[in-house]
Amino acid sequence: MGVRGLKTYIESRNRNDLRSWAFRDKQLIIDGCNLYYTLYYDCNLDQMHGGDYDAFEELIIQFFKNLRACAIRPYVVLDGGADHTDKKWDTIRQRKQDKINAAFALSVGKKEKVLPILVKSVFRQLLHKLKVPLVQCLEEADWEIAALAEEWNCPVLSNDSDFYIFNIKAGLLPITHFQWKNVKVHRQTNKKFIQAKHFTVGKFCASFDMNIDLLPVFASILGNDYVKLQNIKCLTWAEYSVPGTHHAHIDGLLNWLCQFPEPEAAVSALLKRTDDKEKAITQEALSKGIHEYKLFPGSLAQFFHSKTIPRTARTGPLQVLPKWTLKLLLEGKMSSSIIDALVHQRVFMTSQVEDFQLPCSSETSRPIRQVIYGLLLLGEQQTADKQALDIKTFTGTSKCYVEEYGRQQSKLSSQKVEAIQTGVMEGLQLKTLRKEPLSVQLQVLLDTLGVSSEMFRGIQPALHLQMFVTHYWLVNAQPQPSQVHLWGLLLGMVYGKFSSTPKRHRDMLLTPKKPQAAGRRMDLEHETAHLYSQWQSCLKWSLCLNSLLCFPVSEPEVACLYRGTLVHHVVGEFRRGITLDCLLVRGSSAERLFKQLQDAVVSLVGEDFIKKMRTGLEHRAAGKTQRDYNDQNQPIDELSSSFEHLMYEDINDCEDDDDLNGKGRKSKAKDHKSEMPDVSYTIRTRHKAKARNANHPSKKSERRCFE
């Protein structure tokens, strides 16, 4: 939800609606999605290169550490699937298009905000690790957050403007003014606290001498995600505003409303100002909008205290979800995307920074999603339940489809994707999936990712999923990854493994110093960005499949697997032929881990596969005069030897982390990509994905890599 402009109006200089509060020793309901969005953006973490998840992890750890130091007891609530009534459908589609536009703008060097695709996974995993109480709602979280805060009489931490409307007696702490980084100590009590700003609807309405019950009318008239009345021509409010006030339409509407004693009188007066042909639409929209803000006891308190699944989850459209999936969803251990796939048979792809002249990076992971859809939709029991509930479906004779929303160049587009079954899936049902033997659950995962049981026997269990995903990516990605992309990815994994090691114990140089050309900007290389976006998409949906199969392999710590600025930097250094300053110390545990990852890849795809890959060294920057690379199909042993001369450096020489954090770096667009591509342009075909075998997509693709 959200009331456009309200937050800015309340925080404006000529208002006094936010009061200082030395906040400590209280319960706090946290709008989880709003928190990780706000912290990621406000702390200037990487967005252009696919995200720096380890830096985000450190940020979240420090956030909750500071809360604990102040005896603040957090309860985090996350959004789930889309509302089953589809009342926000138009808003959702527009927001998805906006995110595509933002990702494109960032890809050509413009300033925009794009949340990396795995941020929510990192956030959920970390909160479980920190033992922070967490609930992932089955639908949108705003109302449940407000209802829980009212029930427990504690404030909400969020930047969502809807919490300026809900009548929460304990009020709202805007994240923007929550100074969590600077823990203070009270001089008299010697107790720690966080300085915050506090908002309550009671004080806000008192400043207008207005009935609190009129606020939902105000939000509905102004327009939110559910109600769109702001385009009705007769509704102009600036004439009621105090002269010189910013957001005059908001100020004017509040001044107009305060003359009415109750909502019914205000609605009646509004209808008199409305054209006859619009009265019925306006009245219905207002009624629905006002209803959205009515609070009564919700379902979260019981789950927080006793892990009891709410009764509301067992009725209506969500009853198609078995109890075991509901528990994992509510605990935040399973992706909420399965709700959209099962209930709506519709899934939105997450926009990433990539090459917008190529097909969407999520196309590479589509065969993984097709298996997920098969598990959700092709079981006999689920089909019967869905027919009984009359849930929207795309079915043929024995086929079932999910409508996927991605992009066609820079435009939101959709296509129906068939749910499929691998051979071992025949007869599997979602309701009883957790009772299937581990061997069956594992085989579904292996078949989907194109891995045979012989391939993975020599790989450590902790590395299984990340290596299976890397194998799948190598044989399915388009354009085909080169050796430098693979080694850059593996070095990123090594970095992630050791990034939390105390400096005094590190036997690895973790931080790349600035390149020899001091101050050089790290431009976005579009092919590299596109390939790593494909890998992240494959990982995201493999994590989803693994959880749906009841975790036949252990879930890796996502924050340790990818650091965008590092892997892009490594690829760039190789392509320039410049010796890397990010070194693995010879004989170190870091070097041993890299060799272990390297061996795992070889065991999965074969040494011949690696030899036939492009080296990627032919893409050196124009104007460079470093030595020429004659052998463009450099064998793995030779490429390994090129790493050996990079594996020694004095650790003490590397303390500058500015480049890795991306501070002060701005990418600029190249001339040929400075404008938004028109949807009518022809997409480049040299990297266009070939048709895949529906049941065994990765095996057919593996042959393609040898051509």
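1. Strand 1 and strand 8, the latter covering residues 192–198, run antiparallel in this predicted model, and 5 bridges join the two. Within this pairing, A22 stands opposite Q195 of strand 8, which gives a convenient residue pair at which to inspect the register on screen.

2. The sheet to which these strands belong is an open one of 3 strands, in the order 1-8-7, with antiparallel pairing. Its edges are formed by strand 1 (19–23) and strand 7 (184–185), each of which pairs on one side only.

3. A separate point concerns the parallel sheet, which is likewise described as open: 5 strands take the order 4-3-2-5-6, and the pairing is parallel. Here the edge positions belong to strand 4 (134–136) and strand 6 (172–173), and each of these pairs on one side only.

4. Inside that order, strand 2 (residues 27–31) is paired with strand 3 (residues 73–78) over 5 bridges in the parallel sense. I30 has V76 of strand 3 as its bridge partner.

5. Which residue of strand 4 deserves a closer look? Q136 lies in this strand, and although strand 4 is an edge strand that pairs on one side only, Q136 is buried, because its relative accessible area is 1%, whereas the cut-off for burial is under 20%.

6. What surrounds Q136, once its neighbours within four places in sequence are left aside? Its contacts are L78, D79, G80, K120, R124, L329, L330, G332, M334 and S336. One of these, G80, is 56 residues away from Q136 along the chain, yet the C-alpha atoms of the two are separated by 5.9 Å. Another of them, K120, is also reached through a polar contact, in which the side chain of Q136 and the side chain of K120 take part at 3.4 Å.

7. Turning to the helices, helix 19 (residues 483–498) packs with helix 20 (residues 526–548) at an angle of about 55°, and their axes lie 11 Å apart. Helix 19 is therefore oblique to helix 20, since an angle of 65 to 115 degrees would be needed for roughly perpendicular and one under 35 degrees for roughly parallel. The contact is made on the helix 19 side by V484, H485, G488, L489 and M493, and on the helix 20 side by E527, T528, L531, Y532 and W535.

8. As to the handedness of this packing, is the crossing of helix 19 and helix 20 left-handed or right-handed? The crossing is right-handed.

Key
Residues are numbered from 1 along each chain as its sequence is written. This is a predicted model: local features need pLDDT of at least 70, side-chain atom pairs count only at pLDDT 80 or more; totals for chains, interfaces and linings use all residues. Side-chain values use heavy atoms; hydrogens and water are left out. Two strands pair if DSSP finds at least two bridges between them. Helices (H or I, at least four residues) and strands (E, at least two) are DSSP runs, numbered from the N terminus. Buried means under 20% relative accessible area, exposed over 50%, partly exposed in between (1.4 Å probe, protein chains only). Contact means heavy atoms within 4.5 Å. A polar contact is a pair of N or O atoms within 3.5 Å; within protein, one must be able to donate a hydrogen and the other to accept it, and residues adjacent in sequence count only if both atoms are side-chain atoms. Axes are lines fitted to C-alpha atoms, for helices over the stretch in contact, and angles run from 0 to 180 degrees between N-to-C directions. Angles under 35 degrees count as roughly parallel, over 145 as roughly antiparallel, 65 to 115 as roughly perpendicular and the rest as oblique. A crossing is left-handed if the near helix is turned anticlockwise from the far one by less than a right angle, and right-handed if clockwise.
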